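Visitor: I'm new to this structure and would like a close look at a single part. Please pick a spot, stay with it for a bit, and then show me how the surroundings fit in.

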Amino acid sequence: MESDPRPGHAAEIHKDRSMVLQKEMIARHYERLERAPQCGDPVVYTFVPGNLTELIRSFGALPVLPEINALQSGMRGRSRDFIAAAERAGHSEDVCTYVKCDIGMLMSGNIGPTGTRLPPPDLLLLSYTGCYTFMKWFELLREQYNCPTVFLQVPYQGDGRLAPEHRRYIADQIRSDLIPALESITGRGYDEDRLRANLTLAREAEDDLVAVLSSAKHRPSPIDAYFGGVYYVGPIFSAFRGTAEGVEYYRELRREVEARVAAGLGPVTPDGPLNDQRFRLVVEGPPNWTHFREFWRMFSDEGAVVVASTYTKVGGTYDLGFRHDPDDPLGTMADYCGGCYTNLNLPTRIDMLVRYLHEYQADGFLINSVKSCNSFSAGQLMMLREVEQRTGIPGAFIESDLVDPRYFSAANIKNRIESYLQMLTARRKSSQP
Ligand code: SF4
């Protein structure tokens, strides 16, 4: 247990063992990254959607995820200054704030969110999963670091599936471009047995993650699948998929969540356990990180729990059945890249929301449209209308940003959430006999 440091919030925060494990493994990873230049550990920068952590680690290299650094800086109150530094250097106000936060951090000494220095990359690995900004971001980093770049071209699922030729195209690039690049920067040969072992570990953790996310079908839901969910997906979406640490974390998390189900308990929110759950919601879009707890509290104060979210699928759609397959190492990595949420077309995203509303027996759904991210926000109003039509459930639409605190208007957002929940209550009453 530790005290909440916010003024006027002296309440004790309960920390589950999984939370402690996650904090420790992240701290160890950043410490290792800081020592990487001295220890000769090669470093690969790559993005969350389409990350190939099992392959990177099979070469003994360490992954750095720039969006994770940006969001962590946002949560720690450091993104405002980083964004300002990037804007002073000429980056437009319209640019994704993850990029500006990262560039601003780099210009300010490249001290990462945990206070340790980040090493320069030996390789920039771009798996292109639907976001053009990723490409521009790495062009900026390449100018800075002048290191090799691999651009893995992942076909967009324009007609809602990854065709066999798309899959072959991605796997061929991994074989002929990426693996030689990793061999070159690490001085090691490709070791398929090691990759298979990592993929086996990934699959084990993926099973446990799906069990955790699916637990929200219970009443009360033992998790919040958005505000809690972003913590739950943290290790598997970043540096720890395919590692023994990752497996241990997800085993422990699943054990804790199953214990809460058995005890009929809800999730732990910033204000303590949420057992009295008056609304079950589905959320589309990323959260705001600069006011994360304040944002969460707007829901938990009203007894609203999120039972499913699309953002927690941005680094893999495991709940739809995908698992890494150690028997087909390159093919499974191709499937993984092609299936990340930002690589799915709008009808598929709508299907997902409709499915979540039904499967999780939700009362409503809410879209958080973030200014920064066209990969998410393009088409969201159309998605809102379509989901409403198909389910008969009204949705809500709010706007904020990822890590730019200038775009979080607490009063407006709170007002909209409260009005929406009041409308759901009125609907519920009017449908009672
Ligand atoms: S635009 Fe969206 S997907 Fe692309 S880098 Fe920014 S936040 Fe990520």
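Guide: Let's start at Lys 371, which sits in the loop between β11 and α14 (374–377). Keep in mind that we're looking at a predicted model. With 35% relative accessibility, Lys 371 counts as partly exposed, because that value lies between the 20% limit for buried and the 50% limit for exposed. What does Lys 371 touch, once its neighbours within four places in sequence are set aside? The contacts are Glu 93, Asp 94, Ser 400, Asp 401 and Tyr 407. To get a feel for distances, take Asp 224: Lys 371 and Asp 224 are 147 residues apart in sequence, and their C-alpha atoms are 24 Å apart in space.

Now for the ligand. Ser 372, Cys 373 and Ser 375 are among the residues around it, and so are Cys 96, Tyr 98, Cys 131, Thr 133, Phe 134, Trp 137 and Leu 402. Sort that shell by character and you get seven nonpolar residues, three polar ones and no charged ones. Helix α6 (residues 132–145) supplies the largest share of the shell, with three residues. Cys 373, at 15% relative accessibility, counts as buried because it falls under the 20% limit.

With cysteines in that shell, you might be wondering about disulfides. How many does the structure hold? Zero. Cys 340 is a handy one to check: its closest cysteine sulfur belongs to Cys 337 and is 6.5 Å away, so the two are too far apart for a bond. The cut-off here is 2.5 Å between the sulfurs. Cys 340 is also buried, at 0% relative accessibility.

Cys 337 leads us into helix α12, where it is one of the buried residues. Of the 11 residues in α12 (residues 329–339), 10 are buried, so the helix is largely enclosed by the rest of the structure. The buried ones include Pro 329, Leu 330, Gly 331, Ala 334 and Tyr 336. What do the buried residues of α12 pack against? Two strands, β5 (123–128) and β6 (149–153), and three helices, α2 (53–58), α7 (164–186) and α8 (192–214).

Thr 332 makes a good close-up within α12. This threonine is buried at 3% relative accessibility. Beyond four places in sequence, Thr 332 is in contact with Arg 167 and Leu 199, along with Phe 322, Arg 323, His 324 and Asp 325.

Met 333, another buried residue of α12, is touched by Leu 55. Leu 55 also touches Ile 174, Leu 178, Ile 179, Leu 182, Tyr 190 and Leu 195, again leaving out residues up to four places away. That brings us to the largest nonpolar core, a set of 135 residues in which Leu 55, Tyr 98, Ile 174 and Phe 295 have the most contacts. In soluble globular proteins, nonpolar side chains tend to be buried together. Tyr 98 ties this back to our starting area, as it is also one of the residues around the ligand.

A couple of backbone oddities are worth a glance on the way. Most residues other than glycine have a negative phi, and most peptide bonds are trans. Gln 361, in the loop between α13 (346–359) and β11, has a positive phi near 45 degrees. Gln 361 is partly exposed, with a relative accessible area of 48%. Asn 110, in the loop between α5 (97–107) and β5, also has a positive phi, about 55 degrees. Is Asn 110 buried or exposed? It's buried, at 8%. As for the peptide bonds, the one from Arg 219 to Pro 220 is cis, with omega near -5 degrees. Pro 220 belongs to the loop between α8 and α9 (229–237).

Finally, how far can you trust the picture? The protein averages a pLDDT of 94, and 97% of the residues score at least 70. Go easy on residues 1–12, though, where pLDDT stays under 50.

Terms used. Residues numbered from 1 in each chain as written. Predicted model: local features only at pLDDT ≥ 70, side-chain atom pairs only at ≥ 80, totals over all residues. Heavy atoms only, no water. Buried < 20%, exposed > 50% of the residue type's maximum accessible area, 1.4 Å probe, protein only. Near = heavy atom within 4 Å. Helix = DSSP H or I, 4+ residues; strand = E, 2+ residues; numbered from the N terminus. Nonpolar A, V, L, I, M, F, W, Y, C, P; charged D, E, K, R; others polar. pLDDT = per-residue confidence, 0-100. Contact = heavy atoms within 4.5 Å. Core = buried A, V, L, I, M, F, W, Y, C linked by side-chain atoms within 4.5 Å.
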